[in-house]
Amino acid sequence: MSGSIVWLAAAVAAYWAYCIYWGVVGARLSHSAGDYFLADRGLSPWIIVLAVTGSSFSGWVFLGHPALIFRDGLQFAQLSLAAITIPLTGVLFFKRQWLLGKRFGYVTSGEMLADYFSSPLLRLLVMLVAVVFSVPFLGMQLRASGALMQVLTGGAVDGTLAMWALAAVVFLYVCIGGLRAVAYVGTLQALLMAVGLVAIGLVVYAKIGDFGAFNAALAKLGAETTGPWGGTARGYNAYFAIPGVIQFTAGLGTEAPVGGPWTASMILTYSFALMGIQAAPQFSVWAFSSKSPKGFAPQQVWASAAVVGFILLFFSVAEGMGAHILRGGGAPGGLEQTGAGGLTGGYIRMIGESAPWFGSLLAVAALAGVQIITAAFFSTGGTILARDLYRAYLNPAADDRQQKLFGRIGVGLIALADLLTATFSPQVETQLGALALGFGAQLWLALAAVCWFPWLTREGVVLGLVVGLVAVVFTEPFGTSLAAFFGLDLPWGRWPWTIHSAGWGIFFNVAIGLLVSVFTQKPEDRAHRQGFHAFLAEHAALPAQKRPLRPVAWAAALVWLFFGVGPDLVLGNDVFGPPNGGIAAWTLGIPSLWGWQFLWWALGVLMIWFLAYKMELSVFARRGLEFYFPQDTRPVAAGAAAATDWRHWFLGAVLLGGGAAVLHWMFG
Amino acid sequence: MATIKETERRLAVVTTWSLLGSFGLGCLLSGFHSDNLLIGLAGFVTLMGSFVAHIVINRIYGGGFRAGEIAAAFIAFGIAVLGFLTGWLFDPAFSVTDARLGLMGFSALIVSFLAYLVTKHGIRRRFSMFHQTHNR
């Protein structure tokens, strides 16, 4: 057994011991269901900062982001600004959800939405979104972690076996320790991820020479038109330019866009999809579990926007683009691979050859990145099944012990479903997993209704959500397969018009939601919803002296969206010098698009800071505000009646039948 | 049963030492292995950073180092010094750079520890502690 593998085994074993230790600690501190599901709503701000940041970015950032930069160039690197757009969801919704959770005792967003809209159907739809996140999306993450282990051990460890072993450890500490264990382990996982990305980036810069040499090499690359997407319509190397504002192509798999898929419209709508991460039901659980809102603003502004944004722009770009430069210099073969974990795995192997201890730590960092979101979604998925299915419909009188037990069973079911789909049906899992981000984004309107807009009605939000989910499905490969199953040949492929499925979903969601809300206003429902908003207005409204800043806030956000991730980002292609003009033509000494990304990253941090702090969207600026609110102890109104209402049994039967059909289709 | 506050303090300490301690230790090993003074000193600096972070955590959560932490630190330091001396005396590949690295690094750790004691207890009280022990 080589030295590298011994070091890897030792590092992974130490990491597993660390995880299980905190799982045991979490179990000892979990007395009630509230302890287990929400850490007794007592997670300290610093833990929230690290755990939420880590689970927002996770394996996507560590494994996928550099690999896609390598494949598609700086046009994909524009999505580094997701470090700004992802916390934007948190800025708008976290504090207000926290307030509602404290006031009404919500444990899941399904409970919150069902109570607010008096709609059990909405609870089920939210559960559907949660399941899509929990099963196929997580299955993809688990498969990536197994594949990474296989790459790092040079094939000595089978990827599937590694995946099961890694998932077993995550299951163990999540199942026994609950959310507290997830949060505690998440602190180290988030830090490891950040340090790992920085370390790999530094190694890349060191191997190339220095920052100047890196840009000189990029200038040479920019003068050619190599790469899978060739050149853009303006003749720039697609690695260095956004291929237009929008391209009215039929979609990937049917008609390829010219110069690459990452047009401005794709970047904007993909940003919507990424914003869906913090709109996912699982993230509401983080909001509810926080001791106070003190951690929200630092998480959104400093941890996500500032630190993660800089790391993605400076180090992940080096990792992705640096692979082109290093390959030309005869780098080890691992850098040829660009599949999930391939590029990063190649770097880690390369580093491990000269410093096995370093390679093993980076391997653990990569694992940590994947597992932080896996653990979070295992735990919160189990919570959602326990509260929104078991307690709401099967056993409304469930006590703490029963809820905890079912929560643990839920974690086990999710873990097993993930592993079975990842092992036996990876293609279907990939298709379903691709729906997750788009699905999460569809909850934006519902959350906006609860937190901001009382005039959005139940009928509007539910119909909008359903239509939005359908639109997401039929602009992804899963929808194409589904249509083909029914004999329909869709004339479009994936992401038609270079608009991500999340964008299509949100368009129809908002359109239908607004239209239907206009025609379904009912005074009694409005009065019920207004009660929630009166509470929010009392405790979270902007002080009168700051209200003149509202237009400034809107303008700042819209301008940033327009230029940072929207139509005008094409200006960045050559505003600081043409990409094929050589380094002498580059005003900033770096590719124009990269400079544009840095500029709008800095402005984005300012914008998020303004919204979170100055506009008080994430802080309580007034001193003396009590954080204790009298709990609303009324039982969940639907619970007692749910078990005897024939409609719920019918819906349950439909869902079970649908689930059985899907399983039969997946596994034969 | 440990309180939540004490548990979170322990979490902060363990997380800090796990992260910085592992990278610091790795840099140390690399420094000794490849006779690289810079990398080795970076390892020692990282370990000192862990120590400083630990002090900050103590300040935030209140209280000082716990008995178990002090014991673990002295044991780890002792093992490290023993390993260094053993390598110096018996390892033919042990170079001048390695010796320099070890001496500088361990000296820096001792100085930082003494600086902490002086800062926390003051010079007179620090020496008074020894006088009181001696006069007993």
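**Exercise 1. Determine whether Val307(A) is buried, partly exposed or exposed, and describe its surroundings.**

Step 1. Val307(A) has 16 other C-beta atoms within 10 Å and is therefore partly exposed. By definition, a residue is buried if 20 or more other C-beta atoms lie within 10 Å of its own, exposed if 12 or fewer, and partly exposed in between, with C-beta atoms placed from the backbone.

Step 2. The model is predicted: local features need pLDDT of at least 70 and side-chain atom pairs count only at pLDDT 80 or more, while totals for chains, interfaces and linings use all residues. Residues are numbered from 1 along each chain as its sequence is written, and chains are lettered from A and ligands numbered from 1 in the order in which they are written.

Step 3. Val307(A) belongs to helix 12 (residues 296-328) of chain A. Helices (H or I, at least four residues) and strands (E, at least two) are DSSP runs, numbered from the N terminus.

Step 4. Apart from neighbours within four places in sequence, Val307(A) is in contact with Ala194(A) and Trp302(A). Two residues are in contact if their C-beta atoms, placed from the backbone, lie within 7 Å. Val307(A) and Ala194(A) are 113 residues apart in sequence, and their C-alpha atoms are 8.7 Å apart in space.

**Exercise 2. Describe the overall build of chain A.**

Step 1. Chain A contains 26 helices and zero strands. Its radius of gyration is 24 Å, close to the 26 Å from the globule rule for 668 residues, so chain A is as compact as a globular protein of that length. The radius is taken over C-alpha atoms, and the rule is 2.2 Å times the number of residues to the power 0.38.

Step 2. The C-alpha trace of chain A spans about 70 × 60 × 60 Å along its principal axes. Of the 668 residues, 59% count as buried.

Step 3. In the largest nonpolar core, which has 250 residues, those touching the most other members include Val132(A) and Ile608(A). Helix 8 (residues 159-208) of chain A gives the most to this core, with 27 residues. Such a core is a set of buried Ala, Val, Leu, Ile, Met, Phe, Trp, Tyr and Cys residues joined through C-beta atoms within 7 Å.

**Exercise 3. Compare the backbone angle phi and the burial of Arg41(A) and Ser58(A).**

Step 1. Arg41(A) has a phi near 50 degrees, a positive value in a residue other than glycine. Arg41(A) is found in the loop between helix 2 (33-38) and helix 3 (45-72) of chain A. With 18 C-beta neighbours inside 10 Å, Arg41(A) counts as partly exposed.

Step 2. For Ser58(A), phi is near 45 degrees, again positive in a residue other than glycine. Ser58(A) lies in helix 3 of chain A. Ser58(A) has 27 other C-beta atoms within 10 Å and is buried.

**Exercise 4. Describe chain B and its contacts with chain A.**

Step 1. Chain B has five helices and zero strands. Of its 136 residues, 19% count as buried.

Step 2. Contacts join 12 residues of chain B to 16 residues of chain A. On the side of chain B that touches chain A, five residues are nonpolar, six polar and one charged. Ala, Val, Leu, Ile, Met, Phe, Trp, Tyr, Cys and Pro count as nonpolar, Asp, Glu, Lys and Arg as charged, and the others, Gly among them, as polar.

Step 3. The predictor gives the complex an ipTM of 0.87 and a pTM of 0.90.
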